[in-house]
Amino acid sequence: MSSFVLQAKQLTWSVNNIDVVKQVNLNINAGETVAIVGPNGAGKTSLLKCLYGEHIQFTGDIYLNGKSLTALPKKEIAQQIAVVSQQSNSVFNLTVLDIVAMGLIPHKGLFDLNTDEDRSRINQALVKVDLQHKQDQQFNTLSGGEQQRVLIARAIVQSANILIMDEPTNHLDMYYQHQILALAKQLNITLLITIHDLNLAAQYCDRMIILHEGEIVADDIPEHALNQEQLASIFKLNCIIDKNPFTQKTRVTFAGINEFYGEKNE
Amino acid sequence: MSKAIKLPTKKLPFTWLMLIIISIVFFTLVSSVGYGVAEIGYQAVWQCVTQSCEKPIYDTILWQVRFPRMLLGFVAGFGLALAGALMQNVTRNPLADPYLFGIVAGAGLGATLTTFLPESVQVFSLPLAAFLGSMLAVVIIILILLQSNWRRIEHLLLAGVAVSFLLSSITSFILYTGDAFSSNRVIFWLMGSLARADATALLWILPVVIISTTIAMILGRQLDALLLSDESAKTLGIHVEKLRLITLILCAAITAVIVSYCGGISFIGLMIPHIVRPFVGITSSKLFITTGLIGGCFLVWVDVIARTALDGQEIPIGVITSALGSLFFLALLRKM
């Protein structure tokens, strides 16, 4: 049996005969934090959707803890993979408690009622994300950072061993970007995160996968994955790579569009 | 449609709320039978319920006329309100209503087709024809949805509206070209009434409503998962398309069987869930049971108004629910 918790082999996913994800090979180890980065349209979200079973019409293979994903019941996948997707607002104003309690769904049968243990799990999750005082507040009235924390609390209740987060730092200010990623790291489970900010990815992730036009062009620790020439080519912007003086982690600084084309014209 | 419906942050504990609602139900069931053309005081009603009636005529009026009618009103109101709550939650559309399926239009077509039958069998065949017409509408919609990309909720709602207009236009054509007397009967039936209340009506409607309520309560947790988004529900292991199809069939069955006997009673499914949500919240199980109970009481009182507002004449209940519903609809749109 494979030692990887999540594995993709020759994974291709197409829409309207266009390959959005191309021949991707991916191995995720237990407890690892992996960032999937790349420009808009690189196929990051599509790749994630294949990995958690939302896109099923793919070619190639995906294995979850050694078992083929397509052969697993949806409920079993949900018991092992929790997903925090990009911000979603419901037209009905659900409370924080309503959403966090949804984490119990994959573990409950049709006739099961909530037990004291379930309520304690929900409460512990709310304490962990520091939202117990807002449990009766409506989800739609929370800030972007708080909404992400609610979804993380739902994932905690879901008790999955893999957490997939699709651009969790979008629309958040600096403080909340760091808060969300630090919180996810504290869970000590396998994390797979798509993110636009390369520096945040380098700071919080053990490994970076760079996706470009549906293909993996780099898969390594941040120091090695972030290559100046490759990044300049992928993002069409000149850049320099150095160390963040606070964290000593790899840091990328991009030039503006004029600087890049100016240099190119010379 | 993007703004969420606001709920008060502090809610009454559910147990207390249920006690209040059960008291309202009890009060409704006992007191509503006292109203009607023949005035029977509360004391006489209470005596009939607890001992035996003071006069034999009270016995006939209460137990053979008003009680079955009140019971039918309660069960029909319960079913229509439940179907509305189910539709709104499963489509995440606060303006959804079971009638969007074209069920009333289908029932109307079925009822209209009975005008071609001999007059002696029309009275008996009308509910059956209406039921078959309702099911025709549902089958057409489900076939359309299974053929196309039916993952999108908008397709479901638009398919319902399209089928509704199609069936209504056929009905209008038949009524326009048909016999005036039979047409009048169908038009009056479409306005809704509980006058058909008898054991057969209850025998058909009650089991459907009870079974549908039970299934809806069992599926409550799964239906809750749909409230955020389809994608979110799928990540929780929910078979979204299958769950939505089951729920739609439940709504269709409830509405079709009620419409067959009671005609077109509109807007209850739209109104009642909105009235109840601020007190019990959004999640399914609590919403379904409370919406049903309040919907039942609402229709019983609407029927009381229908029977007593005009001297010696009954107003079709569909007229009253439509009038109230339209005003409510406008108020709801203003709030959104």
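I will go through the two sheets of chain A, the nonpolar core, and the contact between chains A and B. Please keep in mind throughout that this is a predicted model.

Let me begin with the sheet built from six strands of chain A, which is open and follows the order E6-E7-E8-E3-E9-E10, with mixed pairing. At its edges stand strand E6, residues 81-84, and strand E10, residues 215-220, each of which pairs on one side only. If direction is ignored, neighbouring strands in this sheet are turned against each other by 15 degrees on average. At the E10 end, strand E9 of chain A, which covers residues 207-212, pairs with E10(A) in the antiparallel sense over five bridges, and within E10(A) it is A:Ile216 that stands opposite A:Leu211.

What packs on this sheet at strands E6 and E7 of chain A? It is helix H5 of chain A, residues 144-158, which touches both E6 and strand E7, the latter spanning 162-166, and the direction of the helix makes about 170 degrees with that of E6(A).

Chain A also has an open sheet of four strands, in the order E2-E1-E4-E5, and here the pairing is antiparallel. Why is one side of strand E2 and of strand E5 left without a neighbour in the sheet? Strand E2, residues 18-28, and strand E5, residues 67-68, stand at the edges, and each has a single partner strand, so one side of each has no neighbour there. Further in, strand E1, residues 6-15, and strand E4, residues 58-64, run antiparallel and are joined by six bridges, with A:Ala8 standing opposite A:Ile62 in E4(A).

Turning to the nonpolar core, the largest one has 181 residues, and those with the most contacts inside it include A:Val100, A:Ala153, A:Leu163, A:Ile164 and, from chain B, B:Ile103. The element that gives the most to this core is helix H3 of chain B, residues 56-91, with 16 residues. To take one of the well-connected positions, A:Ala153 touches A:Val100, A:Ala125, A:Leu126, A:Lys128, A:Val129 and A:Leu131, if we leave aside residues up to four places away in sequence.

Finally, the contact between the chains takes 26 residues from chain B and 28 residues from chain A. On the side of chain B that touches chain A, the elements giving two or more residues are helix H9, 220-225, and helix H10, 230-235, both of chain B. What is the make-up of that side in terms of nonpolar, polar and charged residues? It divides into 11 nonpolar, nine polar and six charged residues.

Terms used: Residues are numbered from 1 along each chain as its sequence is written. Chains are lettered from A and ligands numbered from 1 in the order in which they are written. This is a predicted model: local features need pLDDT of at least 70, side-chain atom pairs count only at pLDDT 80 or more; totals for chains, interfaces and linings use all residues. Two strands pair if DSSP finds at least two bridges between them. Axes are lines fitted to C-alpha atoms, for helices over the stretch in contact, and angles run from 0 to 180 degrees between N-to-C directions. Two residues are in contact if their C-beta atoms, placed from the backbone, lie within 7 Å. A nonpolar core is a set of buried Ala, Val, Leu, Ile, Met, Phe, Trp, Tyr and Cys residues joined through C-beta atoms within 7 Å. A residue is buried if 20 or more other C-beta atoms lie within 10 Å of its own, exposed if 12 or fewer, and partly exposed in between; C-beta atoms are placed from the backbone. Ala, Val, Leu, Ile, Met, Phe, Trp, Tyr, Cys and Pro count as nonpolar, Asp, Glu, Lys and Arg as charged, and the others, Gly among them, as polar.
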